[in-house]
Amino acid sequence: MNEYKFENISIGLEESFTAVVTEGMMSDFLKLTGDINPLHNDEDFAKEKGFASRVVYGLLTSSLLSTLAGVYLPGRNSLIYGVDIEFPKPVYVGDELLVSGVVSEKDERFRYFTVKVCIRNQNGQKVCRGKMKLGVLE
């Protein structure tokens, strides 16, 4: 687990990690949220709608951004102020995701920084993109 301090954060600083979406993650997310939408839970329904398989919950995919902030950038003393995300492509169970973030702005006065985030699948396709506004607990 990283432990960046605010003074060690600089524009261009980048961190990343990989994760594989599992059936267990889908089941746990369903139990946690109660989201029974058939796009995520019914293979036939998802295929009828033009998808290759059941689509992984977008917010399950984006939940990996919490790991990016809380473990990698800045890590242990992370404080998430806001997240702005989009989902340009679907994610499926078994996809290997590369979760990355690069510091794009730093505000010394208010002591926060902005991280441009991107999640790509094993084919290099962007499946999630956006920005996170983060701070560091002192």
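How many bridges join strand β2 to strand β5? In this predicted model, the number is eight. Strand β2 covers residues 78–86, and strand β5 covers residues 126–136. The two strands run antiparallel. One residue pair in this arrangement is L79 with G135, its bridge partner in β5.

Strand β5 also pairs with β4. This pairing is antiparallel too, and eight bridges make it up. The two strands form a hairpin, with five residues between them. Within that hairpin, G124 adopts a positive phi near 80 degrees.

I119 belongs to strand β4, which spans residues 112–120. Its bridge partner in β5 is C128. C128 also appears among the contacts of I119, together with Q125, K126 and V127. Other residues touched by I119 are T61, L65, L97, L98 and V99. I119 has a relative accessible area of 0%, so the residue is classed as buried. Between the C-alpha atoms of I119 and H40 the separation is 19 Å. Along the chain, these two residues are 79 residues apart.

H40 is also a contact of R54. R54 sits in the loop that links α3 (43–48) to α4 (58–72). This loop residue is buried because its relative accessible area, 14%, falls under the 20% cut-off. The side chain of R54 makes a polar contact of 2.7 Å with the side chain of E23. A polar atom of the R54 side chain also lies 3.2 Å from the backbone oxygen of H40. Further residues touched by R54 include M26, L39, N41 and D42. V91, Y92 and V93 are also among them.

How values were computed. Residues numbered from 1 in each chain as written. Predicted model: local features only at pLDDT ≥ 70, side-chain atom pairs only at ≥ 80, totals over all residues. Heavy atoms only, no water. Helix = DSSP H or I, 4+ residues; strand = E, 2+ residues; numbered from the N terminus. Buried < 20%, exposed > 50% of the residue type's maximum accessible area, 1.4 Å probe, protein only. Contact = heavy atoms within 4.5 Å. Polar contact = N/O pair within 3.5 Å; in protein donor to acceptor, adjacent residues only side chain to side chain. Pairing = 2+ DSSP bridges. Lists of a residue's contacts leave out its neighbours within four places in sequence.
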